[in-house]
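I opened this entry to look up the overall make-up of one chain and then one of its sheets. My notes follow.

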Amino acid sequence: MWGPGPLQLESPKSDVPMDMRPSDSSQKTPDEPVRSSSDLMLSELTKQASGDCQEALRSGKFVVPPQVGVSPILGPAEPPMGGALPPDITAAWAASRRGRRGSEDSAADRRGAATEAMRGQRRLKSMPCNLNASRHADMQVEPKARAELHKIHEEMKQSDSRSSGLRIEDDEMDIAWGAGGSWTFFPVLPDPPERPFNERMFVMLPDSADRSGCLADHGYGVVNSKGSKGHMDLLPGQDACSLSRLSSGWEVICVMDGHGLEGDWPARRAARTMPWILQGAQGCATMLRHGQVSAALHHAFDKVQADLAHESICMDVDLQIAGCTAICILHHEKYDSVWVANCGDSRAILLVPGRGAVASTIDHKFGLASEVERVESLGCEVVRTVHEDGFVEERVNVKGQGYPGLCMSRSLGDLCVKRRGVIHDPDVCQWDLSICGKEYCYILAASDGVWEYVTSEDAASLVLSELERGSTCQDAAAALAKIAKDRWEDETCGEYCDDITVVLAPVVPRPHRRRRFFSGTGFVACCAEGPAKLFASWSWRR
């Protein structure tokens, strides 16, 4: 079901009071129906809304995508809220099912099919009246340019061999977890439509009866919440994350932030394939076994990008101007270091009680001269727009074109600029945990829905204050997500809020580790093999 049907206003069967009827009743034809107070009110609202929309269109504050019908009250057309799907949506629904394995009647397939059907209708891309809100909306792509990019996507589909041996199937990823004490958590996509500010639930592989409890037992704090990009924003949120323990003892945290019309797909896909590749790909597993962590992360990002490009063709997802940023964090109990790979403008910081943020990744934005030099030398240009309040908005486009309008200089996906300088290669940094001294450390990773209006210092202060008061990591992560959401509300007058993802995990220097066993999730794991499980609750750590 698409949700409740549209509001129907019906005239009451009883006569309408005289004071609500038109004053000039003599001008009314005999066949004209009597108009109720609801009818009159709706008529006046329609006239007023229509006038407001026309004024917004003339002033440029309201951008209507091409080939989308506009209702004076509801705006651009959306999928029907009740009843049967029209033929074009039904066709999109059927097309989205092609290339999938397993039962065609599974709940996952139904969710995916409905989501693809909703994508078939162009997303409302209205530019909010508030300038701060409009800065964060996806760039509009001219119809001609979009057609050219889709033509490239279709040509790639024709030339692709679609060799089944190259695909990473969902079933293959699912059954990989459980051996050697390995496990993974990731958020599950709800049945469409996903409402604004929905906070997603998590699933665990191998399956656990108490998924939320397992997150707390492992010491993690996680929030994955959709934002709000307009009253017609019913498409899936574009943030994704995953938390995993590999059979080799490595623990992996991933945070991905999608962008573009179909940006939710590469974010969710990459968050699941990244830990699977680090565990299952022979090259990555060998590198990790020999301590070549940076090389393993670079290799994993190459494989994730290749998988996105290939799988997008198999699933008919256009990645020419859609992609995601990525943070991937690796830690093992035998090393007194944390490795962090960053691609884009999501961010990770290392927190030490009493000292705040002691290390941070660097956002791949256009304030970095090296990033600008690379993209401009390979066929892109950085477009700068100065707003009325002095804010400088910077986006990268193909030189001479109006797309893709990215706010970052590196990303996964975004195939149209991969050979033009917007690379998928991560910066990999190694953080020495010995700087923590005798204190417990915390890794905080979040999408730019947090960092847009919250500094690293403010985030560190808030999280550490919560923990010092005895809060769990989950409570601290939720508090940070709420602060970020409130900042969006204040800065954009409630017109826009980006998706928000927060992952908070405890780590501890090697000399202070203790052995503790964890059970109750279908398998038994040694907590000395993973720092996030070392101190399973705040009360135990105290």
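I looked up the accessible surface first. For the protein chain it comes to about 24,500 Å². Carbon and sulfur atoms account for 52% of that surface. I keep in mind that this is a predicted model.

Next I checked burial. The chain has 542 residues, and 51% of them count as buried; my cut-off here is under 20% relative accessible area.

Then I turned to contacts along the chain. I took those between residues at least 6 apart in sequence, and 69% of them join residues at least 24 apart.

How many helices and strands does the protein chain have? I find 16 helices and 20 strands.

I picked one sheet for a closer look. It is open and built from three strands, in the order 12-13-14. The pairing is antiparallel. Which strands stand at the edges? They are strand 12, residues 380-386, and strand 14, residues 404-406. Each has a single partner strand, so one side of each is left without a neighbour in the sheet. From one strand to the next, I note a twist that averages 30°.

I followed the pairing of strand 12 with strand 13, which covers residues 392-398. Seven bridges link the two in the antiparallel sense. Where does Thr 385 stand? I find Thr 385 opposite Glu 393 in strand 13.

Last, I asked what lies across strand 12 and strand 13. That is helix 11, residues 369-377. Helix 11 runs at about 125° to strand 12.

Terms used. Residues numbered from 1 in each chain as written. Predicted model: local features only at pLDDT ≥ 70, side-chain atom pairs only at ≥ 80, totals over all residues. Heavy atoms only, no water. Pairing = 2+ DSSP bridges. Helix = DSSP H or I, 4+ residues; strand = E, 2+ residues; numbered from the N terminus. Axes fitted to C-alpha atoms, helices over the stretch in contact; angles between N-to-C directions. Contact = heavy atoms within 4.5 Å. Buried < 20%, exposed > 50% of the residue type's maximum accessible area, 1.4 Å probe, protein only. Areas by Shrake-Rupley, 256 points an atom, 1.4 Å probe, with all protein chains shown as cover.
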